[in-house]
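Biologist: Please put the chain on the screen, and I will ask about it piece by piece.
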Amino acid sequence: MSKITTELLLERAVPRSTRLRKIETLNLSKLQLKTGDLDPRLFSRLRHLQKLDLSDNLLDKFPNSLTLPDLRVLNCNNNKLEDVTALKQFPLLEELTYENNVYLTLNDDYKVMFLLQNLRLLNGKDITKLANHVRRVNSHKLTSKVTAHWEKFFRDQLPEKYTAEQVKSIRKKFLKSVQTNVVYGPSSLSEFTRWRVKMIAEEFLAYSLGVELNSDSEPEEKMDENEEESTESPREAAEDVAQVVHIYDPLVTVTPSKRKRNHSKSSPGNKRSKSQASTEKEAAEDVSAEPLHFLQCHSKGNSREDFKTQLWSCVFEPVLDSGARKDPIVSSSRTVATCGGESVCLIDCETGTVLKKYKVATEEFFSVAWTTLTMVISDSRKKAHNILAAAGRRGIVKLIHVAADFCYGEIKAHKKPIATVCFSPTQETHLFTASYDKRIALWDIGIPDCDYNFKASQLLVLETASIPLRIALVPTCPEQYLLAGCENGCFAWNIKLDKGQKSRPFEAIFQFPDEESVTTSHRVDGLAFLNDDVVVSKSSKPGCIFLWSWSKSFDAKGKGCQRTMSAVILAELEWSTTDMSYLTLSTCPAKEYVFCGDEEGSVWMYNLSNYTSAWGSAKGKRSERRISPTQILKWPELRVNGEQPPEILVNNVVADPAFTYLVVLTSVNITAIWKKS
């Protein structure tokens, strides 16, 4: 029997290789290999392996930790495999063959279709549509049946206040009963159905009872821990909620001197003027806010010690029945989607509850965006549903039907990371993706059918001169013009689809004041519209945020591309003197507020309602002096296990349209939620 060695791997590489880490294709067929010959320590060095042939061997199972993060094609024909659940460790697998393994059945086919979210070909057959049904519709039906079984037969058996022993007892009875009585589909799939029912029941109990339940179950039954992508199982969600850090949590304390009504004082590090401090003092009574929750819900591996995961983007969920596109004040709920690290979370801002969590083990999410699609449900009725798009380092957009807990698809949008995404406010299926490949793409994501089949298409590509960081559609003409803040300036494109040209250069670049001159070359890492005309942008120039007029700056009648235009500055906002980049800003148009975090964990708030009327007039003049913040919310003296978190940067801060909640995302894996009182 041949034992696998480094020399053998190099020799069997296609083509032959001199380094294990360079091998992309490997043929280990017909070597009489047994499971014990697959040494995880050796295989872990095959970091770029994409195709592996293990056919015609004697394998009865796969070790659980082969660590092949880039494996796409696997051939296991003619072995003695008895189980397939260990294959979930290969999350990017697209093609799998295991014919002539006599112990494997149709039930195993369904298991791999459920476990491997990217799988397209199984034993040479295209299983895309069937796999979608298994992952989505089948799971949805079984979840409904499991829930109904609990409600009908077991819910009333558990007292309002229960002990661990009572939970253990009812868990045992429920699992036995639900696997016996919940049936779905043909009898030939009964083993798969029992497998999924047990999995769903475990998750349901953990989520419903909020305690550790699955400690004695087999490792392969914990479906989501090693999957490449998953809507967080309720068991994992329960574990994460236990790690959510509230200001009232005994593990995390805010010193008694914490101010509920934030009368901010000047900080030497921020170098603020006397007039600014005076402005804040006068306004503090009007803009008082209380910190509600400090949450640590994006931890890598659910670790309490993770203070390194950066949080980047958050956006409030639209309310489905409010006519969301008509009235911004009632167009969002108190539910916010946040992203950072390998996860996307949905949080109830009032209670601080993590409602849902979605993880992709190989991803780092940078941006999230909502849209509302009118979908046809199973009985042919149409219903509006909120869809969440999430994207990041892998250049892939994940599409999540939140209410159904399904990630129903993905768009491989770019070969480099996606910095930010946004949906059109007028075309609900139109999604813009801005990437490190120096392109902004417009996609039509389509509308999924009742089996979650959908078709996405690329409509437009905007060429940028440097990496786009922030994008914004012009409110008065969102189907015609798009603005982007980039590493090397602020640009505008004509995005009208009837122009015929699919790939387009920028139409204008804007120049801004720079000390005693003007410049077009500067990093624009903050960009948003305050109203239909006023643009708010933040550049690498320390201590300053510009407010400028779109209509007065952009010459729509001019001809030609790549024209230089001077931004007509309306005012400058006084901000931190830090030269730290990528601390972005946001606006609350309905309340005429601008928000921006700084390098000390503080949030600078600007109420501009007294200025916008003057700026909007035909003779609107520039404010002669910088506008000081109405208030600065200081980071409380938060302690975790008796210690203060490390240096806190506020990467992003977003208010809901009614400015009831303020969500603050930090560089130390803490989401802070403030409530306006």
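Biologist: What end-to-end distance should helix H4 have, and how far apart are its end C-alpha atoms?
Modeller: This is a predicted model, and helix H4 covers residues 128-153. At 1.5 Å a residue, its 26 residues should span 38 Å. That expectation agrees with the model, where the end C-alpha atoms of H4 are 37 Å apart.

Biologist: At which residue does H4 bend, and by how much?
Modeller: The bend in H4 is about 35°. Buried residues of this helix include Asn 132, Arg 135 and Arg 136, and the residue at the bend is also one of the buried ones. That residue is Val 134.

Biologist: Is Thr 35 buried or exposed?
Modeller: Thr 35 sits in the loop between strand S1 (25-27) and helix H2 (40-43). Buried means under 20% relative accessible area. Thr 35 has 13%, so the residue counts as buried.

Biologist: With which side chain does the side chain of Thr 35 make a polar contact?
Modeller: Leaving aside residues up to four places away in sequence, Thr 35 touches Leu 59, Asp 60, Lys 61 and Pro 63. The polar contact between side chains is at 2.5 Å. The partner of Thr 35 in it is Asp 60.

Biologist: How exposed is Gln 32, which has a positive phi?
Modeller: Gln 32 lies in the loop between S1 and H2. Its phi is near 60°. Most residues other than glycine have a negative phi. At 45% relative accessibility, Gln 32 counts as partly exposed.

Biologist: Is Asn 123 buried or exposed?
Modeller: Asn 123 is found in the loop between strand S5 (121-122) and strand S6 (125-126). Asn 123 is not a glycine, yet its phi is positive, near 50°. Its relative accessible area is 18%, so Asn 123 is buried.

Biologist: Which two residues does the cis peptide bond with omega of about -5° join?
Modeller: Most peptide bonds are trans. The cis bond here involves a proline in the loop between helix H1 (6-12) and S1. The two residues are Val 14 and Pro 15.

Biologist: Which are the edge strands of the open sheet with the order S18-S19-S20-S21-S25?
Modeller: This sheet has five strands with mixed pairing. An edge strand pairs on one side only. The edge strands are strand S18 (418-423) and strand S25 (503-504).

Biologist: Which residue of strand S19 stands opposite Thr 420?
Modeller: S18 and strand S19, residues 430-435, are antiparallel and share five bridges. According to UniProt, in an unreviewed entry, residues 411-445 carry the feature "repeat: WD". Over that stretch the chain is 0% helix and 57% strand, with its end C-alpha atoms 8 Å apart. Opposite Thr 420 stands Ala 434.

Biologist: Which residue in the hairpin of S39 and S40 takes a positive phi?
Modeller: Strand S39 (residues 661-666) and S40 run antiparallel and are joined by five bridges. Across this pairing, Leu 662 stands opposite Trp 674. Four residues lie between the two strands of the hairpin. The residue there with a positive phi, near 65°, is Asn 669.

Biologist: What is the bridge partner of His 293 in S40?
Modeller: Strand S9 (residues 289-295) runs antiparallel to strand S40 (residues 671-676). Six bridges join these two strands. Within S40, His 293 has as its bridge partner Ile 673.

Biologist: Which residue of strand S31 stands opposite Ile 509?
Modeller: Strand S26 (residues 508-514) is joined by three antiparallel bridges to strand S24 (residues 489-494), where Phe 491 has Ile 509 as its bridge partner. With strand S31 (residues 563-566), S26 pairs in the parallel sense over four bridges. In S31, the residue opposite Ile 509 is Thr 564.

Biologist: Which residue of S27 is the bridge partner of Pro 513?
Modeller: S26 also pairs with strand S27 (residues 517-519). That pairing is antiparallel and has three bridges. The partner of Pro 513 in S27 is Val 518.

Methods
Residues numbered from 1 in each chain as written. Predicted model: local features only at pLDDT ≥ 70, side-chain atom pairs only at ≥ 80, totals over all residues. Heavy atoms only, no water. Buried < 20%, exposed > 50% of the residue type's maximum accessible area, 1.4 Å probe, protein only. Polar contact = N/O pair within 3.5 Å; in protein donor to acceptor, adjacent residues only side chain to side chain. Contact = heavy atoms within 4.5 Å. Pairing = 2+ DSSP bridges. UniProt positions renumbered as here; feature names shortened; annotations may be inferred. Expected span 1.5 Å × (residues − 1). Bend = angle between axes of the 7 residues up to and from the residue.
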